Amino acid sequence: QVQLVESGGGLVQPGGSLRLSCAASGNFGSINIMAWYRQAPGKQRELVARIGSDSRTTYADAVKGRFTISRDNAKNVNLQMNSLKPEDTAVYYCYLNFLLRVYWGQGTQVTVSS
């Protein structure tokens, strides 16, 4: 049983920063991909940033230069979000892909508003 638990969401003013964290537990290997996705009301879930076990990263164009994804180890991933904009408002989900099995966290709300 693999579980992903996110933390760090909340309300922030435009231009502010938040740091999301995700802790994974359970039985999976160290060679995996972890990522953050987000889903805004009325929109499809979209990739925000992805990081492999080799630390290679991919970012959505909308967040390049503002967000940074990092890993503490094989089981923890973080998302540092700077210069937040109202359009970043969404539920953010942690994602783990191990041997083509996909796992999701329950999501954490990020609201950017003055």
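1. **Burial.** In this predicted model, 40% of the chain's 114 residues count as buried. Keep that figure in mind as you look at the structure, since several of the points below ask whether a given residue is buried or exposed.

2. **Overall dimensions.** How does the radius of gyration of the chain fit a compact globule? For 114 residues such a globule would come out near 13 Å, and the chain has 13 Å, so the two agree. Along the principal axes, the C-alpha atoms fill a box of roughly 40 × 25 × 20 Å.

3. **Strands and helices.** If you are hunting for helices, you can stop: the chain has zero of them, alongside 11 strands. Reading from the N terminus, the order of elements is simply β-β-β-β-β-β-β-β-β-β-β. Look next at how distant parts of the sequence meet. Taking contacts between residues at least 6 apart in sequence, 54% join residues at least 24 apart.

4. **Surface and charge.** About 6,200 Å² of the chain is exposed, and carbon and sulfur atoms supply 47% of that area. As for charge, you will find 12 positive and 7 negative side chains. The centres of these two sets lie 4 Å apart.

5. **The largest nonpolar core.** This core has 29 residues, and the members that touch the most others are W36, L79, M81 and Y92. Which strands supply at least two residues each? They are β3 (18-25), β4, β5, β7 (67-71), β8 (76-81), β9 (90-98) and β11 (108-112). The biggest contribution comes from β9, which gives five residues.

6. **L79 and its contacts.** L79 makes a good residue to click on in your viewer. Setting aside residues up to four places away in sequence, L79 touches L18, R19, L20, W36, V48, A49, F67, T68, I69 and Y92. Two of these partners, W36 and Y92, appear with L79 among the core members that touch the most others.

7. **G52, a buried glycine.** G52 sits in strand β5. Is G52 buried or exposed? Its relative accessibility is 11%, and because buried means under 20%, G52 counts as buried. Beyond its neighbours within four places in sequence, G52 is in contact with N32, I33 and R71. Of these, N32 is 20 residues away in sequence, and the C-alpha atoms of G52 and N32 are 6.2 Å apart.

8. **K43, an exposed lysine.** K43 belongs to the loop between β4 (33-39) and β5 (46-52). With a relative accessibility of 58%, K43 counts as exposed, because the cut-off is over 50%. Try finding A90 from here: K43 and A90 are 47 residues apart along the chain, while their C-alpha atoms are separated by 9.5 Å.

9. **Two serines with positive phi.** Most residues other than glycine have a negative phi. S55 is not a glycine, yet its phi is positive, at about 70°. You will find S55 in the loop between β5 and β6 (57-59). S83 also has a positive phi, near 50°, and is found in the loop between β8 and β9.

10. **How accessible are these serines?** S55 has a relative accessible area of 49%, so this residue is partly exposed. For S83 the value is 41%, which means that S83 is partly exposed too.

Key: Residues numbered from 1 in each chain as written. Predicted model: local features only at pLDDT ≥ 70, side-chain atom pairs only at ≥ 80, totals over all residues. Heavy atoms only, no water. Helix = DSSP H or I, 4+ residues; strand = E, 2+ residues; numbered from the N terminus. Rg over C-alpha atoms; globule rule 2.2 N^0.38 Å. Buried < 20%, exposed > 50% of the residue type's maximum accessible area, 1.4 Å probe, protein only. Contact = heavy atoms within 4.5 Å. Areas by Shrake-Rupley, 256 points an atom, 1.4 Å probe, with all protein chains shown as cover. Lys, Arg positive; Asp, Glu negative; His and termini not counted. Charge placed at Lys NZ, Arg CZ, Asp CG, Glu CD. Core = buried A, V, L, I, M, F, W, Y, C linked by side-chain atoms within 4.5 Å.
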